[in-house]
Amino acid sequence: MMTLSTATCLLLLLAAQPPPAGATPPPPPAEPLEVRHIPAAQVTAGTELVLRAEVAPAWRLGALVAHHRATGEKDFRDTAFELSSDGTYAAVIPITAEQRVSVEYYLTARDTEGVESVRFASAQAPYPVLVDVPQSTLEREALLAVYGQRRSRVSASAEYVDYGSQTIDGTRYQDHYYRLEANYLYRLLTQVGGLRIDSIRIGVGHLRAHTPPFGLTAPGEPARPELRPGLDYGFSEVDVGFNPYFGLGLRLTLGGNATGFSAGFGGKVRIGRPHGAHAEIGGEYTAGLGGAGTVRLVWDTVPRFPMSAAVQVTNVPSGPTGVRLLYTVDYQLTDAILIGAQAGYQARASVGGGPSLGFSASYGW
């Protein structure tokens, strides 16, 4: 039969005694810190990735941090969560418009006792959030790639147009004019109200003509000197894309000549890609000069040699209506420099006509 020693009995008696009066009981263990987070599936490029979390109890939280990086990067960046008005915590991570790869992140929390722990994913296996790129942005980037990332372009052109000679009441008159233009174009490629503003263009022009006195010389009257209509003008244009294969262009012209102020307007409809094969139907009218309607086909099937052909019905400058046939070929001298030549034939009457010659050059950056 086993017996207890005297020392063991004394220890058991002491343990069974109640604590002395006034003694403080040991504190209960601290309530554990809980972090609840629902991850985001994707975020749109050019916006912000907002991470939200619920923390309980809030007084136990020292810091909650999101460690994030773009996929492929080596180092993480830290963004601290902040208390929101609804009682949750949020971390805001900006996503640039140029970002195309996923965002990776994980969460860590530090309690009031300084103990830090991983609460979602990990540095070795971060959680990926897909970056969504809008279709309009992809189209814009594709167009910029076609233009070699060059948004600006300056151009200059010269054109000589000869309608031949006209005989009025036995007197032969020359019918021709020349035009000089210079312009600056900037490609916006920006969405405004659901429409894509492709480009804006501003320019100046100078036109001088020698025109027979159509309708001013009656039979039997002495011959009158040929007319010399002309215009010095400025213009602005805007091109709008409704979708990749349909667009609209608008033009406003303001100028002056010896007879006073002159204004004009015009427009065109594009069917096809603006940077490739397409068709254009357009018209314009300028007071004191006349109007023109044009159908143009543009193609780029020959590398570095974009071309176009056009049929134009016009009474510019200040005469009977005539028809012009035009052919243009450009040459991409370098990625930034484009030079071009235009040739054509036009006539106001079936008994005669004349050639048309033009040259152009542009530089983009």
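## Surface and overall make-up

The accessible surface of the protein chain adds up to about 20,800 Å², and carbon and sulfur atoms account for 62% of that. Keep in mind that this is a predicted model. Of the 365 residues in the protein chain, 36% are buried.

As for the building blocks, you'll find two helices and 22 strands in the protein chain. The chain also brings distant parts of its sequence together: take the contacts between residues at least 6 apart in sequence, and 53% of them join residues at least 24 apart.

## A nonpolar patch

Part of that surface is a nonpolar patch of about 470 Å². Five residues make it: Val 154, Tyr 184, Ile 202, Tyr 363 and Trp 365.

Val 154 is a handy one to look up. It sits in strand E11, which covers residues 152-168. With a relative accessible area of 33%, Val 154 counts as partly exposed.

## A four-stranded open sheet

Now for one of the sheets. Four strands line up in the order E1-E3-E7-E6, with antiparallel pairing, and the sheet they form is open. Strand E1 (34-37) and strand E6 (82-83) are the edge strands, and each has a single partner, so one side of each has no neighbour in the sheet. In general, the strands of a sheet pair through backbone hydrogen bonds, either parallel or antiparallel.

Zoom in on the E6 edge and you'll see E6 pairing with strand E7 (residues 89-94) in the antiparallel sense, over two bridges. Here Leu 83 stands opposite Tyr 89 in E7.

## Helix H2 and what follows

Helix H2 takes in residues 135-146. Does its length agree or disagree with what you'd expect at 1.5 Å a residue? Its twelve residues should span 16 Å, and the end C-alpha atoms are 17 Å apart, so the two agree.

After H2 comes Gly 148, and its phi is positive, near 65°.

## Pro 274 and its contacts

Pro 274 lies in the loop between strand E16 (260-272) and strand E17 (278-286). Is this residue buried or partly exposed? Its relative accessible area is 25%, which makes it partly exposed.

Which residues does Pro 274 touch, leaving aside those up to four places away in sequence? The answer is Leu 143, Tyr 147 and Pro 244. Pro 274 and Asp 198 are another pair to look at: they are 76 residues apart in sequence, while their C-alpha atoms are 9.2 Å apart in space.

Methods. Residues numbered from 1 in each chain as written. Predicted model: local features only at pLDDT ≥ 70, side-chain atom pairs only at ≥ 80, totals over all residues. Heavy atoms only, no water. Pairing = 2+ DSSP bridges. Patch = residues over 30% accessible without salt bridge, like charges linked within 9 Å, V, L, I, M, F, W, Y side chains within 5 Å. Areas by Shrake-Rupley, 256 points an atom, 1.4 Å probe, with all protein chains shown as cover. Salt bridge = Lys/Arg side-chain N within 4 Å of Asp/Glu carboxyl O. Buried < 20%, exposed > 50% of the residue type's maximum accessible area, 1.4 Å probe, protein only. Contact = heavy atoms within 4.5 Å. Expected span 1.5 Å × (residues − 1).
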